[in-house]
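Let's take a walk through this one together. Have the viewer open and follow along.

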Amino acid sequence: MPSVPQSPVSAAQTDGQERDGHPSRAARPRRRRLGGRIALGVLAIAVTIFVSLSIPRYLAFNPKVGRISPDEQPWFFPVLMTHILGATVAMVGCVFQVWPWLRRRHPRVHRVVGRAYVVAGVWPAATAAVVISVLWGFGPVSALSDIVLASLWFTVTTFGFVNARRGRYAEHRRWMLRSFTLTISIIFNRLLGFPIGMILANQLDTTFGGDKHALEQAVSASVTWLPWTLAFIFIEWWLDREQRHTVRETA
């Protein structure tokens, strides 16, 4: 039986491209997997650098590294360490939880790390952050940001945990992506802190009338509010975009 020659459109689709130059449906998953691997690598590197630079000085459990004297507020440092250690567990756990290979090949490890992320990471870290902000906040605007962030972090993580327990894994994934975004927002805080500080410092003699305390309050407020709100807006946009693409491809 004579073979049927392949049409130009079919040949182009075999190479992963549509006739008009756009990627075929078969090529899209490959590109997404590559993009996911790059994003995971960047996340792992960022978390490793952040933890390596920020956490070691607290591991001696010396109360003097806190910004408040232990003689004045003896409970401040234990609460601070609860937040720091919990947040460290959450950040490291976040990397493993978004790793597709681990989730597919070792689902039991994924579940164990997930429970640690929630119970030993987010819940104690978020609770301690609220306590610190209420009792020892650095200015009302910054304290309010920390309270809102910690409460939102605790809430979305709990929603993700409950959905997993109920077997609603699609909703679990969406809620946990929100949680992971808030977990790593502290990295954006560090990245944006320097340029924001430089921009506002140039306005010391104009906008702030030479008042350094007002400048510090403004920098602190900007650095605490902007990073996590921008990150949360981005993940909401990304989840909405992903959902629209899924609906379009299944239509």
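What follows goes from the overall fold down to single side chains.

First, a caveat: you're looking at a predicted model. The fold is easy to sum up, with 9 helices and 0 strands. Read from the N terminus, the order of elements is simply α-α-α-α-α-α-α-α-α. Of the 251 residues in the protein, 34% are buried.

Let's start with a pair of helices. Two packed helices are described by the angle between their axes and the distance between the axes. Here, pick out H3, which covers residues 76–97, and H5, which covers residues 107–136. Their axes sit 7 Å apart and make an angle of about 145°. The crossing of H3 and H5 is left-handed. What classes of residue does the contact of H3 with H5 have? It has 20 nonpolar residues and 8 polar ones, with no charged residues.

Now step back along the chain to the loop between helix H2 (27–54) and H3, where you'll find phenylalanine 61. Its backbone deserves a look. Most residues other than glycine have a negative phi, and most peptide bonds are trans. Phenylalanine 61 has a positive phi instead, near 55°, and it isn't a glycine. As for its surroundings, phenylalanine 61 counts as partly exposed because its relative accessibility is 48%, in between the 20% and 50% cut-offs.

Next, the charged pairs. How many salt bridges does the structure hold? There are 3. One of them joins the side chains of arginine 173 and glutamate 242, at 2.7 Å from N to O. This pair links distant parts of the chain, with arginine 173 in helix H7 (residues 169–183) and glutamate 242 in helix H9, 69 residues apart. Both partners are partly exposed: arginine 173 has a relative accessibility of 36%, and glutamate 242 has 23%.

Another salt bridge is made by the side chains of arginine 178 and glutamate 236, with an N to O distance of 2.4 Å. Arginine 178 belongs to helix H7 and glutamate 236 to helix H9, so this pair ties together parts that are 58 residues apart in sequence. Is arginine 178 buried or exposed? It is buried, because its relative accessible area of 9% falls under the 20% cut-off. Glutamate 236, on the other hand, is partly exposed at 29%.

There is also a salt bridge between arginine 244 and aspartate 240, whose closest N and O atoms are 3.1 Å apart. Both residues are in helix H9 and are 4 residues apart, so about one helical turn separates them. Arginine 244 is partly exposed, at 41% relative accessibility, and so is aspartate 240, at 37%.

Finally, turn to the surface. Phe188, Leu191, Leu192, Leu226, Leu230 and Ile233 make a nonpolar patch of about 540 Å² there. Helix H8 (185–201) and helix H9 (212–250) each supply at least two residues of this patch. Take leucine 192, which lies in helix H8. Its relative accessible area is 31%, so leucine 192 counts as partly exposed. Patch residues need over 30% relative accessible area, and leucine 192 has 31%.

Helix H9, then, has turned up both in the nonpolar patch and in the salt bridge pair of arginine 244 and aspartate 240.

Note on methods
Residues are numbered from 1 along each chain as its sequence is written. This is a predicted model: local features need pLDDT of at least 70, side-chain atom pairs count only at pLDDT 80 or more; totals for chains, interfaces and linings use all residues. Side-chain values use heavy atoms; hydrogens and water are left out. Patches are made of residues with over 30% relative accessible area and no salt bridge: like charges are joined within 9 Å, nonpolar side chains (Val, Leu, Ile, Met, Phe, Trp, Tyr) within 5 Å. Accessible areas come from the Shrake-Rupley method with a 1.4 Å probe; for residues, only the protein chains shown count as cover. A salt bridge is a side-chain nitrogen of Lys or Arg within 4 Å of a carboxyl oxygen of Asp or Glu. Buried means under 20% relative accessible area, exposed over 50%, partly exposed in between (1.4 Å probe, protein chains only). Axes are lines fitted to C-alpha atoms, for helices over the stretch in contact, and angles run from 0 to 180 degrees between N-to-C directions. A crossing is left-handed if the near helix is turned anticlockwise from the far one by less than a right angle, and right-handed if clockwise. Ala, Val, Leu, Ile, Met, Phe, Trp, Tyr, Cys and Pro count as nonpolar, Asp, Glu, Lys and Arg as charged, and the others, Gly among them, as polar.
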